[in-house]
Amino acid sequence: MVLERSKNLCLSGVPASPGIAIGLARVTDRARVAVSEHAVKPEAVPAEITRLLEAISEAKEELLLIKNHLEKESGSEHLYILDTHLMILEDPMLTSETVSCIKTQLINAEGSLRRTLLKFREFFNAIEDEYLRERGSDVDIVGERILRKMVGFQQEPLPQLDSKVIIIAHDLSPTDVLQIDKSKVIAFVTDLGGKTSHTAILARALGIPAVVGLESATAEIISDDSIIIDGATGTVVINPSDESFRNYLSRKQRYEYFCQEYVKFRDLPAETVDGHRIRLKGNLEFIEEVPALKEHGGEGVGLYRTEMLYMNRSTLPDEEEQFEAYLSMCRKVAPFPVSIRTLDVGGDKFVPELNLADELNPALGLRAIRLSLRNIETFKPQVRAILRASAFGEIRMFFPMISGVSEIREVKRIISEVKYELRSQGITYDDSIKIGIMIEIPSAVLVADQLAKEVDFFSVGTNDLIQYTLAIDRTNEHLSHLYQPLNPAIIRSLQIVADAAHQAGIEACICGEMAGEPQYLPILLGLGFDELSMTPPSIPRVKEILRRCSLTEAKKLTAKILEAETAEAVESILKSELTAHFSEGFD
Ligand code: PEP
Ligand code: MG
């Protein structure tokens, strides 16, 4: 009997990596191991512990084999993820919790390990920060590998692909993604996973469209179903209707056309029709994003968020590890510069190793530079690592959430101390390294003229500046209509910052989301910003608009906009200007 397949069924998941793919599904069974939990007699406890330890060591051997193989086949670019899994395998907590469960609860090794994994899962699930929460999936993946060894379960091998397919799986580990034949996989879809899982990060780094966290993908889709996936919206259409197919095909063609068109701008200067040059750079969190930065024509890294170095782990990174990370980033981005921002955690960005207390008002709490100045023992190694890396390429160092002059003076005092220590140890660094601050608190705007005398550049964090100026929680969806980048208070703040910087002869940059929105470009240009830093895929689009703008016109527009009294009025002036000058390009 042939079952009628559902037609044009739309599923909605987490958009993990942009791009539209249309093709046939290949469902791969990456099912979890079924384990039974049962009681054991006290005399069987040593044997159960031995089984556990042997399985851990076999899992480690297997992972090392895969790593060596991949290293030979495809180089070491993404293999740091496997190192993370090896670290989890060696985590004493995982072993000791499980051993203790075997001993005290008298439960077999598999059951005890499942219980430990569940405990870890609950711990991770309770974490508010999405990136850190997703690290729970790495622990799950490692746990599965150990369980497979214990029960002798051979996972179905990844399919040998002879044609291009869309992989559908309950879950795909980063190891799976690294091992799969990427010339044949046009997209993938998984039941599990979040936007910041390593699998999703890898998909973005490799440019493979992906939708994750669909929950029921493997239940709804069978191999050879026709599938459409839109990795930007998280939509998956199963056996699309003709209309749906035509619609997505034209979207796909348009998307690819624009990608190709914009890439043409990669090597053209970021300059207006009247010859005014600004710099367009990328905001990066991982070294894996450097190829995307270069592909999109970024002239360096305007914001390297160092938080991720601290978040994906159970211990804090030491100076050496940070030095290595900054050095690799700097070498990979060369000949362009990298602006490294020191740790911006606290508030909703959670690092358990820092033992932060719960706060009633985390957005206004002990976070960013305040935390660094409180924890000098973690701040100094970071400053040392950045300074040491500065001997090997163009690095700039800047600090998040500076609220006033005394704070930056305190930071500069610490930098001088660290420089002195390095000098007395004969360690080289760039003595003329540029020092900057994020402008993201209204008090910093109000004293921007004084702050400008203290540093070499300003970088406006519009995400937080809008939040703090308008008193709108940037994560509260009920207030999103009040989160207004075009509010006159924001435009005026930007003007104050740019003017103060230029009067003092320093650079004015922006690295908040506003910088990557093409429709705001004429205003930011008219206000005189020297550098805009954004997610790399936004660079060609902003550059394309910039190359159609004139500085003189942008200044006139900005003067008009600075007179407007409401966000709606600003929007309307901007809209009519954009419609008059840019008949296309803003859809
Ligand atoms: C900002 O606040 O605009 C910014 C770039 O920093 P983050 O988003 O990391 O807080
Ligand atoms: Mg910020």
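**Ligand 1 and its shell in a predicted model**

Taken over C-alpha atoms, the centres of domain 2 and domain 3 are 38 Å apart. This is a predicted model, where local features need pLDDT of at least 70, side-chain atom pairs count only at pLDDT 80 or more, and totals for chains, interfaces and linings use all residues. Residues are numbered from 1 along each chain as its sequence is written, and side-chain values use heavy atoms, leaving out hydrogens and water.

Q: What makes domain 1 a domain here, and where does it run?
A: Its bounds come from an automatic or database domain assignment, which gives 9-30 + 156-244 for domain 1, 42-151 for domain 2 and 277-581 for domain 3.

Q: Why is the pair between Arg-305 and ligand 1 called a polar contact?
A: A polar contact is a pair of N or O atoms within 3.5 Å. An N or O atom in the Arg-305 side chain sits 2.8 Å from an oxygen atom of ligand 1, so the pair qualifies.

Q: What makes the Asp-464 pair with ligand 1 count?
A: A backbone N or O atom of Asp-464 is 3.0 Å from a ligand 1 oxygen atom, and the cut-off is 3.5 Å, so this pair counts too.

Q: How do you know how much of ligand 1 the protein buries?
A: Using Shrake-Rupley accessible areas with a 1.4 Å probe, ligand 1 taken alone exposes 290 Å², and the protein buries 98% of that.

Q: Which helix gives the most to the shell around ligand 1, and what makes it a helix?
A: Helix 18 does, with three residues. Helices are DSSP runs (H or I, at least four residues), numbered from the N terminus, and helix 18 spans 462-470.

Terms used
Chains are lettered from A and ligands numbered from 1 in the order in which they are written. A polar contact is a pair of N or O atoms within 3.5 Å; within protein, one must be able to donate a hydrogen and the other to accept it, and residues adjacent in sequence count only if both atoms are side-chain atoms. Helices (H or I, at least four residues) and strands (E, at least two) are DSSP runs, numbered from the N terminus.
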